[in-house]
Protein chains: 2
Amino acid sequence: MSTAEETAGGEAQAWGEVTPDAARRLLVAAVEAFAERGYHATTTRDIAGRAGMSPAALYIHYKTKEELLHRISRIGHEKALEILQVASRREGTPTERLADAVSSFVRWHAGGRTTARVVQYELESLGPDARAEILALRREVDGEVRGIIEEGVRSGEFDVIDVHGTTLAVLSLCIDVARWFNVGGPRTPEEVGELYADLVLRMVGARGRTA
Amino acid sequence: MSTAEETAGGEAQAWGEVTPDAARRLLVAAVEAFAERGYHATTTRDIAGRAGMSPAALYIHYKTKEELLHRISRIGHEKALEILQVASRREGTPTERLADAVSSFVRWHAGGRTTARVVQYELESLGPDARAEILALRREVDGEVRGIIEEGVRSGEFDVIDVHGTTLAVLSLCIDVARWFNVGGPRTPEEVGELYADLVLRMVGARGRTA
DNA sequence: GGCCACACTAAGCGCTCGCTCACCTTCGGC
DNA sequence: GCCGAAGGTGAGCGAGCGCTTAGTGTGGCC
């Protein structure tokens with residue numbers, strides 16, 4: 001197993017839909033490089049090198065370096081949104097669904113930290129059009145979480161005064177996991193997910209929170 | 001009032017200790033530029049231009065572009081640590097002191113968002129020695145918050161199972177304010193500080209939390 | 001008034017960046 | 001067996017980077 005595959009770990013499978021093979025290798029290489037050094041500090045030569053290609057090969061599959069970031073960001077946001085939609089639309093009480101949403105969202109940010117970092121922190125390196133597209137996806141993400149919280153408040157399960165502010169705080173808490181989570185650290189993504197689900201249920205004042 | 005002063009707003013006063021005047025102007029210009037575009041996307045010509053000077057003038061006061069980031073990061077972390085120390089060492093119950101620590105820490109991250117962004121998100125652009133120095137300051141920051149939480153658990157005021165994990169989550173929540181807070185948005189730094197203090201008291205299971 | 005230390009500038013060096021171009025291989029279809 | 005499309009390479013362009021250097025005001029001190 002190559003270094004690249006080790007770094008990306010189980011994350012690589014998420015890019016399975018990207019074809020052809022060379023384009024996918026370049027995308028995975030770009031995710032790693034952007035996550036390590038940031039978009040602006042990454043060179044196209046570095047990306048191509050990690051994918052085992054010459055610098056010019058990048059431009060056969062992508063028009064610019066920014067297009068790489070744009071594609072990564074869109075695929076990542078779509079995946080994040082999907083995770084929340086699944087948790088939001090399953091059966092169960094708002095308490096159960098919020099706990100599910102938070103724990104799976106956090107697992108994604110911790111386990112796929114490399115990808116999540118790029119998705120969450122390199123947004124401002126995008127051009128205006130691409131950024132607008134991604135911001136629309138983020139509003140959908142926000143809406144999913146707010147929906148669950150609103151429902152819990154309506155049913156009397158949650159005790160929340162400022163729904164918008166609390167939604168923002170919950171998402172913020174989950175997203176920031178990508179900043180500090182360390183793969184070699186003392187906690188697994190699953191453990192952090194469980195801890196955070198409990199903390200969030202406390203934040204919304206869920207009754208009969210946990211066992 | 002110039003655009004630069006508007007952007008930095010009340011933040012500028014925090015740099016009052018930096019002398020001489022030209023060095024301070026360059027530092028404030030660098031904070032703004034790093035916050036807007038990120039360290040790597042900022043050019044020394046841009047920094048000097050914002051300070052109303054020629055590119056070469058920067059190198060009279062600072063050895064390299066990285067030294068600017070290092071100084072900003074150290075002063076910022078020292079200020080953040082001081083805020084938490086004041087809240088931690090005042091009189092009062094752990095509940096009162098934690099609420100105070102969180103609300104003032106959040107006010108700093110929201111009100112001084114420009115500075116806080118650089119301080120919290122450009123850490124990895126520092127060289128190894130500078131990063132090690134800053135990481136030591138961050139461990140102190142962590143220790144202040146953990147100290148309050150431990151005390152609250154000992155006194156029976158708080159109900160926390162994982163003290164380290166909860167400390168991390170509390171700090172993470174506060175720090176991420178610098179990422180999303182918008183000066184023109186619907187909330188003032190004071191409002192966010194109050195909301196977050198309440199949310200954090202819920203997270204630690206403080207009894208008789210608020211009025 | 002002469003002098004020097006200091007703050008600053010105009011010009012530009014060496015380098016690396018994102019990206020392009022002319023050319024080379026490989027391979028399926030007929 | 002030949003051909004064109006697709007995917008790749010080596011070399012290198014123009015631009016902009018961090019930083020340096022030689023020279024220019026300017027203000028305080030004797």
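Me: How do I read the way chain B superposes on chain A in this model?

Reply: Keep in mind that we're looking at a predicted model. To compare two copies, you look for the turn and the shift that lay one on the other. Here a rotation of 180 degrees, with 0.0 Å of shift along its axis, puts chain B on chain A with an RMSD of 0.0 Å. That is the relation of a two-fold axis.

Me: Which residue of chain B has the C-alpha nearest the axis?

Reply: Look for L173(B): its C-alpha sits 2.5 Å from the axis.

Me: How many residues of each chain are in contact?

Reply: An interface has two sides, and you can list the residues on each. In this case 20 residues of chain B contact 19 residues of chain A. On the chain B side, α9 (163-175) and α11 (189-203) each supply at least two residues. The top contributor there is α9(B), which gives 7 residues. Sorted by class, the chain B side has 10 nonpolar, 6 polar and 4 charged residues.

Me: Why can we say the copies meet through the same surface?

Reply: Check whether the residues that one copy uses turn up in the other copy's list too. For chain B, 95% of its interface residues are also interface residues in chain A, so the copies do meet through the same surface.

Me: Okay, now one chain by itself. How many helices and strands are there in chain A?

Reply: Count the elements, then read their order. Chain A has 11 helices and 0 strands, so from the N terminus on you read α-α-α-α-α-α-α-α-α-α-α.

Me: What does the radius of gyration say about chain A?

Reply: You set the value beside what a compact globule would have. For 211 residues that would be near 17 Å, and chain A has 18 Å, which agrees. Along its principal axes, the C-alpha trace of chain A spans about 60 × 40 × 30 Å.

Me: At what angle do the axes of α2 and α5 of chain A cross?

Reply: For a helix pair, look at the crossing angle first and the touching residues next. Helix α2 (residues 21-37) and helix α5 (residues 65-89) of chain A have axes that come within 10 Å and cross at roughly 90 degrees. That makes α2(A) roughly perpendicular to α5(A). On the α2(A) side you'll find L27(A), A30(A), V31(A) and F34(A), which meet L68(A), L69(A), R71(A) and I72(A) of α5(A). By class, this contact has 7 nonpolar, no polar and 1 charged residues.

Me: And the DNA? Which residues are closest to strand C?

Reply: List what surrounds a strand, and watch the chain letters. DNA strand C has 16 residues around it, the closest being T43(A), T64(A), S54(B), A56(B) and A57(B). The surface near strand C divides into 10 nonpolar, 4 polar and 2 charged residues.

Me: Which ones are closest to strand D?

Reply: Around DNA strand D there are 16 residues, and the closest are S54(A), A56(A), A57(A), T43(B) and T64(B). Its nearby surface has 10 nonpolar, 4 polar and 2 charged residues.

Key: Residues numbered from 1 in each chain as written. Chains lettered and ligands numbered in written order. Predicted model: local features only at pLDDT ≥ 70, side-chain atom pairs only at ≥ 80, totals over all residues. Near = placed C-beta within 6 Å. Nonpolar A, V, L, I, M, F, W, Y, C, P; charged D, E, K, R; others polar. Axes fitted to C-alpha atoms, helices over the stretch in contact; angles between N-to-C directions. Helix = DSSP H or I, 4+ residues; strand = E, 2+ residues; numbered from the N terminus. Parallel < 35°, antiparallel > 145°, perpendicular 65-115°, else oblique. Contact = placed C-beta atoms within 7 Å. Least-squares fit on C-alpha atoms with pLDDT ≥ 70 in both. Rg over C-alpha atoms; globule rule 2.2 N^0.38 Å.
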